[in-house]
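Student: Take me through one part of this model in detail. Then move outward from there, and keep it brisk.

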Amino acid sequence: MGDYVNKGSHSLEVIEEIITLSNKFSVFPLLGNHDKMVLDFLLNDSDKNLRNKLRELSNDAFFDLNPKEKIRIKKFLLGLPYYYSSENYLFVHAGFNTESIDLFKEKNEMLNIRNFQYSWKVYQQKRIIHGHNPKSISEIKKAIISNKPIIPLDNGCVYKEKYPELGRLLCLEINKMELISQQNCD
C-alpha cells in the first residue's frame, strides 16, 4: 500500500523485488507519498530539494541509475495506481477526502491525508484498508476484530526502536481477516 522507498537503506532493492513479483504474480502495489517523491525526482533530477531530501533518507541509489534502469523504475512508479477497489474493499495508501465531489480524483489526499471519516454512502458499502499513518498493533487488531469500516495497516515497521507498539510489517488476509505480523529484524 505504498511507501516502498525512504524507509531504509535498500529502497531500490525493494522496488526491484516488487517489479520481479509483479512479473510473476498478480500483485497490486499502490503509490505512496514517498514513492511519489522518488518519481518526482526521476522526472526532474535537477530538483536540488528533492535530491537533498532523498539523500537525507538514504536513497542515493536513485542518483546513479543508468538511463535504462531509470526508465524502468520511472515506468513502474508511473504505473502504480493511487487506490485499488475490490468487491468489498477500497485499498489506499493514506485515505480519502469524503467532502470531495469525486474522492477518486483527489490524488494528494490519497497519498497524504492523515484523518478521514467513513461514510457508507460515499464508499459504496466498502471497507477501507490503508497505511501511511502508523498505528499501534493493539489499535490495528481492535479495528480488525471489531469489524470497523476503516482498517489501518501501517505499524511503522521502521520505528521499532522508538515505540514498543510499533515495528512490525503487517499483512491482512482479507478472506479470513487474519493479521500476519513480522517484527522488524534489521
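Tutor: Start with a cut-off. A residue counts as buried when its relative accessible area is under 20%, as exposed when it is over 50%, and as partly exposed in between. Keep in mind that this is a predicted model.

Now take strand β3, which covers residues 127-130. Its side chains split between two directions. Arg 127 and Ile 129 point one way, while Ile 128 and His 130 point the other. All four are buried. That fits a general pattern: in a regular strand, side chains alternate between the two faces of the sheet.

Next, the sheet itself. It is open and has 4 strands, in the order β1-β2-β3-β4, with mixed pairing. The edges belong to β1 (83-85) and β4 (150-152). Each of these has a single partner strand, so one side of each lacks a neighbour in the sheet. On average, neighbouring strands are turned by 15 degrees against each other, with direction ignored.

Helix α6, residues 137-145, packs on this sheet. It touches β3 and β4, and its direction makes about 150 degrees with that of β4.

Now the pairings. In general, strands of a sheet pair through backbone hydrogen bonds, in either the parallel or the antiparallel sense. Both senses occur here. β2 and β3 run parallel, joined over 4 bridges. Within that pairing, Val 92 has His 130 of β3 as its bridge partner. On the other side, β1 and β2 (residues 89-92) are antiparallel and are joined by 3 bridges. There, Tyr 84 stands opposite Phe 91 in β2.

Follow the chain beyond β3. His 132 is in the loop between β3 and α6. Its phi is near 75 degrees, a positive value in a residue other than glycine. As a rule, most residues other than glycine have a negative phi. His 132 is also buried, because its relative accessibility is 8%.

Which other loop residue has a positive phi, near 60 degrees? It is Ser 58. This residue lies in the loop between α3 and α4. Ser 58 counts as partly exposed, at 42% relative accessibility.

That loop leads to the helices, so turn to α2, residues 33-43. Of its 11 residues, 8 are buried, so the helix is largely enclosed by the rest of the structure. Among the buried ones are His 34, Met 37, Leu 39 and Phe 41. The cover over the buried residues of α2 includes α3, α4 and α5 (107-112).

Two other residues of α2 form a charged pair. Lys 36 makes a salt bridge with Asp 40, and their closest N and O atoms are 2.7 Å apart. Both sit in α2, 4 residues apart, which is about one helical turn. Lys 36 is partly exposed, at 24%. Asp 40 is partly exposed too, at 27%.

A further bridge reaches across the chain. Lys 70 forms a salt bridge with Asp 45, again with the closest N and O atoms 2.7 Å apart. Lys 70 is in helix α4 (residues 67-78), and Asp 45 is in the loop between α2 and α3 (48-56). The two are 25 residues apart, so this pair links distant parts of the chain. Asp 45 counts as partly exposed, at 35% relative accessibility.

Helix α3 has its own pair. The side chains of Glu 56 and Lys 53 meet in a salt bridge at 3.9 Å, N to O. They lie 3 residues apart in α3, about one turn of the helix. Here the exposure differs: Glu 56 is exposed, at 60%, whereas Lys 53 is partly exposed, at 36%. The total count of salt bridges is 4.

Finish with the largest pocket. Its volume is about 1,700 Å³. It is lined by 48 residues, and the closest to its centre are Met 1, Gly 2, Tyr 4, Leu 169 and Leu 170. Helix α2 returns here: α1 (11-24), α2, β5 (168-173) and β6 (178-183) each supply at least two lining residues. The largest share comes from β5, with 6 residues.

Notes. Residues numbered from 1 in each chain as written. Predicted model: local features only at pLDDT ≥ 70, side-chain atom pairs only at ≥ 80, totals over all residues. Heavy atoms only, no water. Pairing = 2+ DSSP bridges. Axes fitted to C-alpha atoms, helices over the stretch in contact; angles between N-to-C directions. Contact = heavy atoms within 4.5 Å. Buried < 20%, exposed > 50% of the residue type's maximum accessible area, 1.4 Å probe, protein only. 1 Å grid on protein atoms, 1.4 Å probe; cavity = no way out; pocket = protein on both sides within 12 Å on 5 of 7 lines; lining within 4 Å. Points joined across faces, edges and corners; volume = space filled by probe spheres on them.
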